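Open the model in a viewer and keep the selection panel at hand. The stops below say what to select next and what is there.

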Amino acid sequence: MKTQVGIIGAGPAGLLLGRILQSQGIDAVVLERRSRDYVLKRIRAGVLEQGTVDTLREYGVAERLDREGLPHTDMKLFWGGRRHSIPMIDENGRRLTTYGQNKIVEDLVLQREADGLPLVFDAEVEAIEGLPDKPVIHYTRNGEKHALQCDFVAGCDGFLGVSRKHIPDADAHSYEKVFPFSWFGLLAEAKTSTETRGFCHSERGLAVSSSRGPDVSRLYLQVPPDFDMATMTDDQIWDELSLRLANQYGKTLNRGPIVDKAVVRLRGFICEKMVHGRLALAGDACHTVPPSGAKGLNLAVGDVRLLAEAIHALLVENDDRKLGRYTELALQRIWPTVHWSCTMSEAFHIFPGQTEFDTRRQYEVLNFWAYDAVGQQVFRNSMLGRPYPQY
Ligand code: RFL
């Protein structure tokens, strides 16, 4: 088999890249190790920057997002027994929109299938041979081995993927910080009350409540790093959420069946070497952010926009200058965004051995964001996202 661009991974990065390349008349094959059903049901991100929404519109995959996305113009932060609201719309009308990553993935998968373009599920990529110039992707599907010859390979296979391993010295160019706690992510069939929605600093640990639709809540609890979710019943989960998010504010959480649970370790990670010959990384394959900034998906979209332009220049115009600048430009967005996500993590979580002094310092950071004009701008602009770098 042969194609112009072999895309490893059918997450938001790989699928969106496929869509942009299609609009540029470039052929691609998307290979995904998981089943179709698993990919469509995977619950993850949901807070979209305006740039992400605009990009999905630009490439014609925002029809349902425009119908079902929930735009918000402020963000609620809770700490020290009070709720605080920070305006979240800027002078250009940019704001955040909540729309599940699983829906974005589904929209892109359905579009790709409707267009009759190759998207192979259950295809586990094992190696990329022939780098730097003549890449061949080797993958296994239903026990059979396949080889895909490519003019270019895009590694969009997430933090645990294989692509990064094919970048020489990737480890030597990588930076990582692992936080001493995890997030317990929950999806519940329960209406999210506007009175309990927001980011909460609690002495029991962070809690987050957000809405994913009229009758669906997305909730998170800070838990110990080695937390075993089997140790908590659903009633205990709701009790803990209530203690952190509602009780001390005189509010009540709407409860309902919990339909999805996952534990994720918080880490910041950046691999600064994103290109090797005709292989380039995008999205979580080259950076991971703690979810407290709600940035991972949004960063992936920024990478893919740049990468698609570089691939077009290389394959259509035989010009490799954009690819040569891809890493530098992507990093201009990645580092500040990783910094912001880590800053949010540091402000909202209870750290092992935390003292009252540490908590008061966190309150000062939160006060600055909520009540200082400069702080409000820092918070708003960081949440709304940085502009996309241009070649
Ligand atoms: P993904 O989504 O991990 O997709 C990678 C795909 O590659 C496949 N794959 C392979 N395929 C073939 N062969 C192999 N050898 C392969 N190895 C891996 C995988 O099966 C998978 O399908 O990476 P991508 O596309 O870069 O997208 C990144 C985003 O998924 C991620 O950054 C966000 O989900 C992060 N994130 C959030 N981001 C936001 O922008 N806003 C949020 O509110 C937000 N909340 C979150 C989050 C991530 C979370 N978890 C679970 C990590 C909340 C959570 C809890």
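## Stop 1: the loop after β9

Select Pro 132, which lies in the loop between β9 and β10 (136-141). The model is predicted. Show the backbone at this point: the peptide bond that joins Leu 131 and Pro 132 is cis, with omega at about 10 degrees.

Now go to the loop between β8 (119-120) and β9, where Asp 122 is placed. Asp 122 is not a glycine, yet its phi is positive, near 60 degrees. With 32% relative accessibility, Asp 122 counts as partly exposed.

Another positive phi is found at Asp 169, again in a residue that is not a glycine; the value is about 65 degrees. Select the loop between β11 and β12 to find Asp 169. Is Asp 169 buried or exposed? Its relative accessible area is 53%, so Asp 169 is exposed.

## Stop 2: the ligand

Select the ligand and the residues around it. The shell holds 34 residues, and the closest are Glu 32, Arg 42, Gln 101, Asp 284 and Leu 297. Coloured by class, the shell shows 15 nonpolar, 9 polar and 10 charged residues.

Next, display distances from the oxygen atoms of the ligand. Three polar pairs can be listed here:

- Arg 42: a polar side-chain atom lies 2.7 Å from a ligand oxygen atom.
- Ala 13: a polar backbone atom is 2.9 Å from a ligand oxygen atom.
- Arg 44: an N or O atom in the side chain is 3.0 Å from a ligand oxygen atom.

How much of the ligand's accessible area does the protein cover? On its own the ligand has 1,000 Å² of accessible area, and the protein covers 91% of that. To see which elements build the shell, select α1 (12-23), β9 (123-129), β15 (216-223) and α7 (296-317); these are the elements that give two or more residues to the shell.

## Stop 3: salt bridges

Turn on charged side chains. The count of salt bridges comes to 28, and a few of them are worth selecting one by one.

Start with Asp 90 and Arg 94, a salt bridge whose closest N and O atoms are 2.7 Å apart. Asp 90 has a relative accessible area of 8% and is therefore buried. Arg 94, at 23% relative accessibility, counts as partly exposed.

Then select Glu 309 and Lys 322. Their salt bridge has its closest N and O atoms 3.1 Å apart. Because Glu 309 lies in helix α7 and Lys 322 in helix α8 (residues 321-348), the pair ties together parts that are 13 residues apart in sequence. Glu 309 is partly exposed at 31% relative accessibility, and Lys 322 is partly exposed as well, with a relative accessible area of 28%.

Move to Asp 319 and Arg 321, whose side chains meet in a salt bridge at 2.8 Å, N to O. Arg 321 counts as exposed, at 63% relative accessibility.

Finish this stop with a group rather than a pair: Glu 49, Lys 295 and Arg 333 are linked in a network of salt bridges.

## Stop 4: aromatic pairs

Hide the charged side chains and show the aromatic rings. How many aromatic pairs does the count give? The count comes to 11.

Select Phe 159 and Phe 269: this pair is edge-to-face, with 5.2 Å centre to centre and 75 degrees between the planes. Phe 159 lies in the loop between β11 (144-155) and β12 (174-188), while Phe 269 is in strand β16 (residues 258-271), so the pair ties together parts 110 residues apart in sequence. Phe 269 is buried, its relative accessible area being 6%.

The next pair is Trp 340 and Trp 369. Their rings are tilted, with 55 degrees between the planes and 5.0 Å centre to centre. Why does this pair tie together parts that are 29 residues apart in sequence? Because Trp 340 lies in helix α8 and Trp 369 in helix α9 (residues 356-371). Trp 340 is buried at a relative accessible area of 6%, and Trp 369 counts as buried at 3% relative accessibility.

For the last selection, take Phe 179, Phe 181 and Phe 351, which form one aromatic cluster.

Note on methods:
Residues numbered from 1 in each chain as written. Predicted model: local features only at pLDDT ≥ 70, side-chain atom pairs only at ≥ 80, totals over all residues. Heavy atoms only, no water. Near = heavy atom within 4 Å. Polar contact = N/O pair within 3.5 Å; in protein donor to acceptor, adjacent residues only side chain to side chain. Areas by Shrake-Rupley, 256 points an atom, 1.4 Å probe, with all protein chains shown as cover. Helix = DSSP H or I, 4+ residues; strand = E, 2+ residues; numbered from the N terminus. Nonpolar A, V, L, I, M, F, W, Y, C, P; charged D, E, K, R; others polar. Salt bridge = Lys/Arg side-chain N within 4 Å of Asp/Glu carboxyl O. Buried < 20%, exposed > 50% of the residue type's maximum accessible area, 1.4 Å probe, protein only. Phe/Tyr/Trp six-rings, centres within 6.5 Å; stacked < 30°, edge-to-face > 60°.
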